[in-house]
Every structure is written in C-alpha cells, then in structure tokens.
Amino acid sequence: MSSGAGAADVTATILSVTESYGLPHTEVDVIYTSISVSCHRGTEALPITSIRVVRQRSLDYTRLADVEQLVRNLPPIEEAHARLEDITNAKHPYPRWVATVAWGGMAAAVAFLVGGGLVLALTAAAITAVVDRVGRVLNRRNLPFFFQQLVGGALGTGAALAIYSTGLLPVRPSLLVAVGIVVLLSGLALVSTVQDAISGYNVTAAGRTVETVLLSAGLIAGVALAIRAAVHFGLPIKLSDPLPALISAVPLQFVAGAATSAFFALACYARPRALVAAAVSGGIGTAAYGLVTSAGLDALLGSAVAAAITGFGGATLTRRLRIPTLVVVQAGVVPLLPGWTTYRGLFQLTAEGDPAGLSTLVFASGIALALAGGVVFGEYLAQPVRTGLGRLERKFAGPRLSGPLRPAKRRLE
C-alpha cells in the first residue's frame, strides 16, 4: 500500500496469504491510511483482528517486487516473517544520488521529447537535480508534502524564468517550466486512484483523490507564485506560441519516451529488468500517442488510446517477467503527463489575467484522467488474454496491477 498499490491488489494479496496458511474465512478492509484483517473462527470463538497503519509512502519498486515474489512462493510462516522483515528494513538498492541523477535524466529526456534540444535538456536536468536535493532536505525536516510541492514548483519555475531573463541561454522558459511540472507530477498516484474508484474501493479512492488534488494544488501554487513574482519585478517573460504535442518523428518519440520512463523507474529504485520493461512501455506508449494524434485524434483521446495500449501491454507481459505491472504502466504514462497544458493555463490566469486559463487547467486534468483511465481499461482488456487464472482473480471485478493472480498451490503450516 505504501508503494502505491491499489486497494484491490492489497486485498487480493492478503487473501492469498491467509488462504495459503489455512485461514479461509478472512475479511479484509482497506482504506487509504490503514488495513484491517479479521479472521472468523466459528460461532463459539471470537474473531481475531489485526490492524496495520500506513504511516509513510515511498516509491520503492524493488521492495514492491520483493514482496510480490515472496507472496508467489510462500515459505513456512517463520521463514516468511524473517524474509518480510528483511524486505521492509532493507535499504534502497541504489544510493540516493543515483535517484537525483535519474530525476535529472528524466527531465532531460522530457526536454528532448518536446523538441527542446541539447541546451534545454542540460538546463532542465540541472534545475531538476537542484529541486530534488532541496526536496530531500525539506523531507528530512518532515515538511508536509504540500509545501514540498509548492517549493519545488516555485523553485523550478523561478529558476527557468531567471535564466530566460538574463539572456545567457537561448531557452524558452515555457518549455523549462513544463518539463519541471512533468517531473513533479510523475510521483502522484493517478493510476492507483482511478483503479480504486473503478474497483469499488470508494473510501480509498477518495483519500487518494484528496492527496493528489492537494499535492497538485501545491505545485500549481508554487508555479503561479513564481510567475506572479516575475511579472511584479518586470521580468521580460511571455507565453510563446502553442507547443506542438511531441517531436514529429515517431522513432525519436520512441527513444525519448523510453528514456523518460526508464529514468523515472530508476528514480523509484526499480531493478534493471524492470528498467528495460519500463523503457519499452514508455517508448510504445509515446509512439502510439504520436501516431494516433497524427491520424486526427485530439490530445485527450490520443492520451486515452496510448495509455490503454500501455496498460494492455504491461498487464500481459509483466506477469511472465515477474515484474509488478504497476511499475511498468506507471512509468509508461509519465512521458504523456500534461506539463505544457498546465503551465499554459497557469500563465493565462496569473500573468495575463485571462479566465480562459481555468478551462485550460480543466483540460490538463482531463488529460491526466484519460491517461489513468486508459491504463486501467487496457488492463481490463488484457484479462481475457491471460491464461490459467485462479478463482481468486475472478472474485474481483477491479483490474489488477500488483499482487498475486492466484493463491499458492499448497496449504502451508
């Protein structure tokens, strides 16, 4: 749950474990901040209930993959306890500076994706690395994530506008800010939020929605604050002509999208095999978006179609590769996040005073929802393709992006 898995995935994982260890009559209640499990022991004995609270959230895809592997091959209970303890207490597989470099690499890849060139890519990477290190310092001091998003948005936007105003680098501030917004939006649990809502876990979906909206509001407030400060001090900024959706050449789209997703997965501490799968997912999704938009679909429908392809491919291939589907699909849609549209709406509202900025921001939100909904729909389409699904999988109406497909084959002591 703390690694971003949906409530349906958490519930299925718990039921798989309890049935494997001989507890067939178990009720599971998952909300965004806690998990309750109650085992019924008949009419003459009181049930036994256990509660776990989700205190911290961290995107560590290696830890998520290790837990999935443990659940797929459950050992005797004492050994399982020891292995789970080792997984939860293990350090990240890479040093923290590797994650900083990965965030910078992701920013550079997004810059290439929008046709920014080498100078913009290097500038975006440097600004993103600084923002990540500042966020790390603020996180150590337990600053709420809302204010971390606000500081990140203000710092990234302010740096981009300051560089543009000096005239030292021939870069468009709108592109730099858009790249920073994509990086800061990438950590939000959009896919899991839609998954929970569709699966019927409304309380968890509401909690994720509130958190996503709050963190997005912090980011928007930071960007808007920097733009207003630039206008107040008279910096020569302006909104350039509308940005083309992506670079025109589909092969370059594939490469830039693959690099974006791979760097995102690396920043979330994914293993090398997951990095390759994430890169393929991001490349295919980005290229599919380029193809469908060139065929006449708008950005909203193009995002939904590309995300559905990403969700379908991730759901059908990752199970055989022993990689959590969530890792691949989450990374696969990152290159398509609406960074430019969000910045355009904020600029219209703050610098130009144009109420049309509200509709632009609503359109950006629609693209984000189309990406998340497309991924979940693609996973639905992939369910009939899978073979050998156990009855546990068929119990759940919602899509599955993490956890086991079926309980262990034998009951363990």
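Three helices share a nonpolar patch on the surface: α10 (250-267), α11 (272-294) and α12 (299-321) each supply at least two of its residues. Helices here are DSSP runs of H or I with at least four residues, strands are runs of E with at least two, and both are numbered from the N terminus. The patch covers about 710 Å² and is made by Phe254, Val255, Val276, Val280, Ile284, Leu297, Leu301, Val305 and Ile309. To join a patch, a residue needs over 30% relative accessible area and no salt bridge; like charges are joined within 9 Å, and nonpolar side chains (Val, Leu, Ile, Met, Phe, Trp, Tyr) within 5 Å. The areas come from the Shrake-Rupley method with a 1.4 Å probe, and for residues only the protein chains shown count as cover.

Take one member of the patch, Ile284, which lies in helix α11. Its relative accessible area is 40%, so Ile284 is partly exposed. That label sits between buried (under 20% relative accessible area) and exposed (over 50%), again with a 1.4 Å probe and protein chains only.

Before going further, a word on what you're looking at. This is a predicted model, so local features need pLDDT of at least 70 and side-chain atom pairs count only at pLDDT 80 or more, while totals for chains, interfaces and linings use all residues. Residues are numbered from 1 along each chain as its sequence is written, and side-chain values use heavy atoms, with hydrogens and water left out.

Now step back to the whole chain. The protein chain has 16 helices and three strands, and 53% of its 413 residues count as buried. About 18,700 Å² of the protein chain is exposed, with carbon and sulfur atoms supplying 65% of that. Look at the contacts (heavy atoms within 4.5 Å): among those between residues at least 6 apart in sequence, 71% join residues at least 24 apart.

What about the inside? In soluble globular proteins, nonpolar side chains tend to be buried together. A nonpolar core is a set of buried Ala, Val, Leu, Ile, Met, Phe, Trp, Tyr and Cys residues joined through side-chain atoms within 4.5 Å. The largest one has 71 residues, and those touching the most other members are Tyr61, Met106, Ile181, Val223, Phe264, Ala270 and Tyr343. Helix α7 (residues 173-185) gives the most to this core, namely ten residues. There's also a second, separate core of twelve residues, with Ala7, Val10, Ile14 and Val30 among them.

Next, the aromatic rings. Rings of Phe, Tyr and Trp (its six-membered ring) pair if their centres lie within 6.5 Å; planes under 30 degrees apart are stacked, over 60 edge-to-face, and the rest tilted. That rule gives two aromatic pairs. In one of them, the ring centres of Trp103 and Phe264 are 6.0 Å apart with planes at 70 degrees, so the pair is edge-to-face. Because Trp103 lies in helix α4 (residues 96-113) and Phe264 in helix α10, this pair ties together parts that are 161 residues apart in sequence. Trp103 counts as buried at 14% relative accessibility, and so does Phe264 at 0%. Then come Phe146 and Phe147, with ring centres 5.2 Å apart and planes at 85 degrees, so this pair is edge-to-face. Phe146 is partly exposed at 23% relative accessibility, and Phe147 is partly exposed at 42%.

On to charges. Side chains of opposite charge can pair when their charged atoms come close. A salt bridge here is a side-chain nitrogen of Lys or Arg within 4 Å of a carboxyl oxygen of Asp or Glu, and the structure holds five. One of them joins Arg271 and Asp66, at 2.7 Å from N to O. Arg271 sits in the loop between α10 and α11 and Asp66 in helix α2 (residues 61-72), so the pair links parts of the chain 205 residues apart.

Another salt bridge runs between Arg208 and Asp196, with their closest N and O atoms 2.6 Å apart. Arg208 lies in helix α9 (residues 202-232) and Asp196 in helix α8, so parts twelve residues apart in sequence are tied together. Both Arg208 and Asp196 are buried.

Helix α8 (residues 190-199) also holds Thr193, which counts as buried at 11% relative accessibility. Leaving out residues up to four places away in sequence, Thr193 touches Ala205, Arg208, Thr209 and Thr212. The C-alpha atoms of Thr193 and Ala372 are separated by 8.2 Å, though the two residues are 179 apart along the chain.
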